[in-house]
Amino acid sequence: MGTPNKAIQTIKLNSLVYPDSCKAVYKNGIMQLHMRKQSTDQAYHPVDIRFL
């Protein structure tokens, strides 16, 4: 599974999120990402998700 040729895909969100709150669930061919919104005065922090 994953992206073709193990390519990296970046998705930009409309709101900042708390990196430690991010969880991913893959079920029935659909990946759901759950994360808590962060106030706009917080700094940006990238989160890497690996497909295994």
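## Briefing: a two-strand chain

Valine 17 counts as buried, with a relative accessibility of 18%. That places valine 17 under the 20% cut-off for buried residues. The model is predicted. Its chain has 52 residues, and 8% of them count as buried. The secondary structure comes to 0 helices and 2 strands.

**Whole chain**

- The chain exposes about 5400 Å². Carbon and sulfur atoms supply 52% of that area.
- Take the contacts between residues at least 6 apart in sequence: 21% of them join residues at least 24 apart.
- One pair distant in sequence is isoleucine 8 and isoleucine 49, which are 41 residues apart. Their C-alpha atoms are 9.3 Å apart in space.

**The hairpin**

- Strand 1 covers 23–27 and strand 2 covers 30–34. The two strands pair in the antiparallel sense, over 5 bridges.
- Lysine 27 stands opposite isoleucine 30 of strand 2. Tyrosine 26 stands opposite methionine 31, also in strand 2.
- The hairpin has 2 residues between its strands. Asparagine 28 sits in this loop between strand 1 and strand 2.
- Asparagine 28 has a positive phi of about 55°, although it is not a glycine. Most residues other than glycine have a negative phi.
- Asparagine 28 counts as exposed because its relative accessibility is 74%, and the exposed class starts over 50%.

**Valine 17 and its contacts**

- Valine 17 is found in the segment before strand 1.
- Leaving out residues up to four places away in sequence, valine 17 touches Cys22, Met35, Arg36, Lys37 and Gln38.
- Valine 17 and lysine 37 are 20 residues apart along the chain. Their C-alpha atoms are separated by 4.3 Å.

**Serine 21 and its contacts**

- Serine 21 also lies in the segment before strand 1.
- Serine 21 has 18% relative accessibility, so it counts as buried.
- The side chain of serine 21 reaches the backbone nitrogen of arginine 36 at 2.9 Å. That distance is within the 3.5 Å cut-off for a polar contact.
- Neighbours within four places in sequence aside, serine 21 is in contact with His34, Met35 and Arg36.
- Met35 and Arg36 thus appear in the contact lists of both valine 17 and serine 21.

**The nonpolar surface patch**

- Ile11, Leu13, Tyr26, Met31, Leu33, Met35 and Ile49 form a nonpolar patch on the surface. Together they have about 650 Å² of accessible area.
- Tyr26 and Met31 are patch members, and this pair also stands opposite each other in the hairpin.
- Leucine 33, another patch member, is found in strand 2. Its relative accessibility is 38%, so leucine 33 counts as partly exposed.
- Isoleucine 49 joins the patch from the segment after strand 2. At 44% relative accessibility, isoleucine 49 counts as partly exposed.
- Both values pass the patch requirement of over 30% relative accessible area: leucine 33 has 38% and isoleucine 49 has 44%.
- Met35 belongs to the patch and is also a contact of valine 17 and of serine 21.

Terms used: Residues numbered from 1 in each chain as written. Predicted model: local features only at pLDDT ≥ 70, side-chain atom pairs only at ≥ 80, totals over all residues. Heavy atoms only, no water. Helix = DSSP H or I, 4+ residues; strand = E, 2+ residues; numbered from the N terminus. Buried < 20%, exposed > 50% of the residue type's maximum accessible area, 1.4 Å probe, protein only. Polar contact = N/O pair within 3.5 Å; in protein donor to acceptor, adjacent residues only side chain to side chain. Contact = heavy atoms within 4.5 Å. Patch = residues over 30% accessible without salt bridge, like charges linked within 9 Å, V, L, I, M, F, W, Y side chains within 5 Å. Areas by Shrake-Rupley, 256 points an atom, 1.4 Å probe, with all protein chains shown as cover. Salt bridge = Lys/Arg side-chain N within 4 Å of Asp/Glu carboxyl O. Pairing = 2+ DSSP bridges.
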